[in-house]
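Q: Got a minute to go through this one with me? I'd like to start with charge pairs.

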Amino acid sequence: MTPPQTERSGSVIEVADLQKTYGETTAVDGVSFEVFEEEIFALVGPNGAGKTTTVEMLECLRTPSGGSAAVLGRDVGTDARAIKADIGVVPQSFHTFERLTVRENVELIGQLYDDSLAVETVLDELDLAEWADRRFETLSGGLQRRTGIAMALVGDPAVLFLDEPTTGLDPDARRATWDRIEALADRGTTVVLTTHYMEEVEQLADRAALLLEGTIEAVDTVSNLIERYGGAIKVVVRADGRRDEPTADDAIGEILAADAIDTYGTDEGDLVGLFEDRERAQETFSRLHREGGDRAIDLVSAGMEDVFLRLAGSTPEPGGDLS
Ligand code: ADP
């Protein structure tokens, strides 16, 4: 369900029936969505779903085969130059001048723009001031990624595109990067990111689009997606490494299936029942505890992982592959 758009602030990106084919391959098959001012918008989906192709058409790096896309009110087909001047792009595998310092790298990009931001301001915003004189090659992965964001930011873009911004980072570096991205959105930058981390979507994104095989399966606020497709709450019958994994056909599974709005198995062999009603979930949980013998059974709030499982049928793996 798309939120009523009259209640939202201005639209920064408008995509209508966008298509891209490579010979016989249809990479993007009629995608439509909007990105609103100052929000963090996530494109999620498995490897090969068409995320990169979609984003690269918005960045004016690839030409659409059909449909339309406008960034900041300008058409990607005819106004590429103006769009490129107003956006920042941080690719996933990001490299820069290894032997230059953080500050020198940011300065170098700043010089390309007439109206660039002050380098020190940008370094402060990304919490990079104390590493400003360190050579890029000596930095950790998290600091390198943040240097990339600083370089994309120094031109004062209205829209920042981040491709898998925290892939490969440890949890602390990931959290620090999320904090910085959130601060950018708070001060008015619209952020479009691609990711396969459902936790990243929950922590960071206001809205998300789930892309599967070149089409959008769902686009909405993260909380609406979870409510609509994740179920408000889950009852999870754990496999716990046992050989007799729970299934929808055994006694426990039948109870769960009868009460839940939907059930599915996870990659770990757990059996999950989705509930919209917390009280009903609680009742089923208690009943399963009475009748489930020594099975481990949990009551868990639903999240984006459940949305992905429900719509895509499996969880995304690092790198975006479906497992
Ligand atoms: P994602 O970013 O979601 O992993 P991509 O946009 O990279 O997906 O790819 C979508 C589909 O388009 C895939 O099947 C991919 O193999 C194909 N594809 C992407 N780029 C090209 C290209 N330059 N030439 C031919 N096929 C491509």
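A: Sure. A salt bridge here is a side-chain nitrogen of Lys or Arg within 4 Å of a carboxyl oxygen of Asp or Glu. The model is predicted.

Q: How many salt bridges by that rule?
A: The count comes to 15.

Q: What does Asp306 pair with?
A: Lys234, with the closest N and O atoms 2.8 Å apart. Asp306 sits in helix 11 and Lys234 in strand 11, 72 residues apart.

Q: Are those two buried or exposed?
A: Asp306 and Lys234 are both buried.

Q: And which residue does Asp270 bridge to?
A: Arg238, at 3.0 Å between the closest N and O atoms. Asp270 is in the loop between strand 12 and strand 13; Arg238 is in the loop between strand 11 and helix 9.

Q: Why does Asp270 count as buried?
A: Because its relative accessibility is 8%, and the cut-off for buried is under 20%. Arg238 is partly exposed, at 23%.

Q: Any network? Which residues are in it?
A: Arg103, Glu120 and Asp133 are joined by salt bridges that share partners.

Q: Switching to sheets. What is the strand order in the open one?
A: It runs 2-1-4-5, with antiparallel pairing. Strand 2 and strand 5 are the edges, each pairing on one side only.

Q: What packs on that sheet?
A: Helix 1, residues 51-58. It touches strand 1, strand 2 and strand 4, and its direction makes about 120° with that of strand 1.

Q: Last one: what does the Arg207 side chain contact?
A: The Glu39 side chain, through a polar contact of 2.7 Å. Arg207 is in strand 9 and is buried, at 1% relative accessibility.

Conventions
Residues are numbered from 1 along each chain as its sequence is written. This is a predicted model: local features need pLDDT of at least 70, side-chain atom pairs count only at pLDDT 80 or more; totals for chains, interfaces and linings use all residues. Side-chain values use heavy atoms; hydrogens and water are left out. Helices (H or I, at least four residues) and strands (E, at least two) are DSSP runs, numbered from the N terminus. Buried means under 20% relative accessible area, exposed over 50%, partly exposed in between (1.4 Å probe, protein chains only). A polar contact is a pair of N or O atoms within 3.5 Å; within protein, one must be able to donate a hydrogen and the other to accept it, and residues adjacent in sequence count only if both atoms are side-chain atoms. Two strands pair if DSSP finds at least two bridges between them. Contact means heavy atoms within 4.5 Å. Axes are lines fitted to C-alpha atoms, for helices over the stretch in contact, and angles run from 0 to 180 degrees between N-to-C directions.
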